[in-house]
Amino acid sequence: MNKNVSLDYIVTLSLKVETTGPQPEKDKIKAIAALPVYLSYERDRMRIPFYINFTKGLTLAYGRECFEQWWTRLDGHRKNNIICFDHRIDYVFFRYWLGDDAFFDYFNDTGMDVLSVVKYLNERAILQGEDRPFLNLSLTSVCNALDIQRPARSDVLIEADLSMEVYRKLLFIMPIAENTYWRSLKSRKEKQLIELKEKYKKEDENDLRA
Amino acid sequence: MICALDCETTGLIPGRHDILQLALVPLDDTIEPHKNIPPFRIYMKPKRFRPEDLPEISGALIVNKIDINWVIRNGYTHDVALDLFDKYIKQYLGKIQPLCQNYPFDSAFVKDWLGAEQYAVYFDRQYRDTYSLANALKDKARLKGLPDPFPKSTRLTALAESLGINIGNAHDAFFDCLTTAAVYKEMLLKF
């Protein structure tokens with residue numbers, strides 16, 4: 001797996017899989033959606049999403065073929081650059097569906113999820129003696145807390161879009177901008193920049209003298 | 001109960017590769033290792049290992065510095081390990097909420113060992129993932145125009161270094177559990 005891929009070369013897909021249960025060997029995949037996402041966590045509307053519904057007789061093998069074709073049109077010349085993004089990351093069904101080799105070909109092992117951030121925000125609040133911002137961790141409850149409307153009847157594609165919107169909103173409410181650690185990090189960076197400028201200035205002066 | 005979880009394996013693909021070393025460190029309310037509950041540490045014989053696979057898995061063994069021959073001689077079989085794990089959980093813990101560095105990786109290997117049904121008996125659906133969280137903090141910084149908090153990488157060693165944590169013995173499951181817990185705690189306090 002490629003360990004150090006720059007974000008600029010990665011396609012983030014908000015992925016959603018709906019199944020009949022938790023075990024790939026026993027349960028069936030009902031539908032899969034993949035939604036290309038900008039780095040700003042907005043939906044990339046220039047690229048067509050992937051959606052397949054297996055409940056009406058399509059086989060998993062046909063679905064794989066469709067995904068491969070879709071991926072080839074989307075960004076197929078680069079492999080290993082899909083970042084999986086979901087409310088709760090669980091690759092098990094994707095691995096089962098695509099097969100191990102194909103899965104590890106497509107996917108970068110970086111994963112983003114809503115749940116980790118929500119838990120983090122709750123625990124951070126508790127450590128600081130504040131109330132938990134999220135009383136329940138289900139996607140519906142998180143949506144309610146963030147004032148995002150979750151449609152009563154939704155499918156995987158809508159859910160993928162929703163997870164991304166929730167994540168984007170969570171990033172904006174993460175209260176870290178005024179934190180002293182960030183300020184010290186910023187001032188350290190600024191100090192480094194000033195030192196670098198002074199160094200170049202001195203080098204220029206020396207060059208001029210010479 | 002929140003427990004830091006880590007496993008060292010013979011490779012990256014669960015179902016094809018096996019767990020060699022597994023550690024579980026129960027944490028208290030302040031995300032410190034629990035004083036009254038011992039950690040669970042175990043070496044497990046790889047059940048799918050064949051000597052001809054050695055070139056394929058040598059990369060993983062270089063990373064985790066595990067002597068596979070020693071594990072084959074001294075490690076527990078998967079079934080015995082499962083018994084020990086079961087006894088440990090029943091004696092000390094209820095449902096485990098895992099804290100991992102890259103949850104999908106560790107959970108997939110543990111699921112492969114325990115089976116999905118048994119996994120659901122021991123482990124809660126809620127988890128914490130420092131890897132995913134570090135990426136979210138990077139995202140946040142990028143969107144806000146703040147400096148990157150983890151410029152080197154979001155791997156465990158790099159995270160620990162960025163946050164001034166030095167527990168050592170990277171890629172030993174037990175020490176990686178301690179580092180993951182310390183990283184998570186620092187993330188809660190610093191950001």
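Here is a friendly conversation about a predicted model, centred on chain B.

Trainee: Let's start with the sheet in chain B: in what order do the 5 strands run?

Mentor: Happy to help! This is an open sheet, and its pairing is mixed. Reading across chain B, the order is β3-β2-β1-β4-β5.

Trainee: Which strands of chain B stand at the edges of that sheet?

Mentor: Look for strands with a single partner strand, because one side of each is then left without a neighbour in the sheet. In chain B, the strands that fit are β3 (40-43) and β5 (128-129).

Trainee: Which residue stands opposite B:L24?

Mentor: Begin with the pairing of strand β2 (residues 19-26) of chain B and β3(B), which is antiparallel over 4 bridges. The residue opposite B:L24 belongs to β3(B), and its name is B:F40.

Trainee: What angle does helix α8 of chain B make with β2(B)?

Mentor: Helix α8 (residues 173-190) of chain B packs on the sheet, where it touches β1 (2-9), β2, β3, β4 (97-100) and β5 of chain B. Comparing its direction with that of β2(B) gives about 40°.

Trainee: Now the domains: how much area do domain 1 and domain 2 of chain B bury between them?

Mentor: Chain B is divided into domain 1 (2-128) and domain 2 (131-190), and their C-alpha centres lie 21 Å apart. In contact are 26 residues of domain 1 of chain B and 19 residues of domain 2 of chain B. Of the area buried between these domains, 64% is on carbon and sulfur atoms, and the amount is about 1,700 Å².

Trainee: Which residues in domain 1 of chain B lose the most area to domain 2 of chain B?

Mentor: Together, the residues you want make up 32% of what the domain 1 side of chain B buries. They are B:I31, B:R41 and B:Q101.

Trainee: Which residue forms a salt bridge with B:K185?

Mentor: Side chains of opposite charge can pair when their charged atoms come close. Between domain 1 and domain 2 of chain B the count is 1 salt bridge. For B:K185, the closest N and O atoms of the pair are 3.0 Å apart, and the partner is B:E32.

Trainee: Why does the salt bridge of B:E117 and A:K26 join two chains?

Mentor: The side chains of B:E117 and A:K26 meet at 2.3 Å, N to O. B:E117 lies in helix α5 (residues 116-122) of chain B, whereas A:K26 lies in the loop between β1 (11-19) and β2 (29-37) of chain A, so the pair joins chain B and chain A.

Key. Residues are numbered from 1 along each chain as its sequence is written. Chains are lettered from A and ligands numbered from 1 in the order in which they are written. This is a predicted model: local features need pLDDT of at least 70, side-chain atom pairs count only at pLDDT 80 or more; totals for chains, interfaces and linings use all residues. Side-chain values use heavy atoms; hydrogens and water are left out. Two strands pair if DSSP finds at least two bridges between them. Contact means heavy atoms within 4.5 Å. Axes are lines fitted to C-alpha atoms, for helices over the stretch in contact, and angles run from 0 to 180 degrees between N-to-C directions. Domain bounds come from an automatic or database domain assignment. Buried area is the accessible area (1.4 Å probe) that two parts lose on being put together, summed over both. A salt bridge is a side-chain nitrogen of Lys or Arg within 4 Å of a carboxyl oxygen of Asp or Glu.
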